Amino acid sequence: VSGRILRTGDQMNETERKIREIVAKTAELPGEIPVDANLYLDLGVASVHAMHLLLELEQQFDVSVPDEDFVEATSIARLAAMVDRLRAEQVSETDRA
């Protein structure tokens, strides 16, 4: 993970901050986690932790995450973008109803 840029504080948005906390807790990762680190290749997140992460994201953000989207979101930054997109789609669907 060395050489990665760690966005912290004002550089991270609220979704990234919350997801970083969830990832750290779920995957039992100590310390600061770069938002662009690959959860599986760089950080060694196990598949069992990934499944718990998926469930936690769905619960915390009140979204339904398609499996194919979750598989492609391999970093905190990508997970945050996915969650923000899913939440925006839900709002858009509610507005149309």
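## A buried serine

Ser75 counts as buried because its relative accessibility is 6%, where buried means under 20% relative accessible area, exposed over 50% and partly exposed in between (1.4 Å probe, protein chains only). This is a predicted model, in which local features need pLDDT of at least 70, side-chain atom pairs count only at pLDDT 80 or more, and totals for chains, interfaces and linings use all residues. Residues are numbered from 1 along each chain as its sequence is written, and side-chain values use heavy atoms, with hydrogens and water left out.

Where does Ser75 lie? Ser75 sits in the loop between α3 (67-72) and α4. Leaving aside residues up to four places away in sequence, Ser75 touches Val35, Asp36, Ala37 and Leu39; contact here means heavy atoms within 4.5 Å.

## From Leu39 into the core

With residues up to four places away again not counted, Leu39 touches Ser75 as well as Val23, Gly44, Val45, Leu53, Thr74, Ile76 and Leu79.

Leu39 is also among the residues with the most contacts inside the largest nonpolar core, which has 27 residues. Such a core is a set of buried Ala, Val, Leu, Ile, Met, Phe, Trp, Tyr and Cys residues joined through side-chain atoms within 4.5 Å. Two or more residues come from each of α1 (14-26), α2 (47-61) and α4 (76-96), and α4 gives the most, with 6.

## The whole chain

Let's step back to the overall fold. The chain has 4 helices and 0 strands, taken as DSSP runs numbered from the N terminus (helices: H or I, at least four residues; strands: E, at least two). Of its 97 residues, 38% count as buried. Among contacts with a separation of 6 or more, 59% come from residues 24 or more positions apart.
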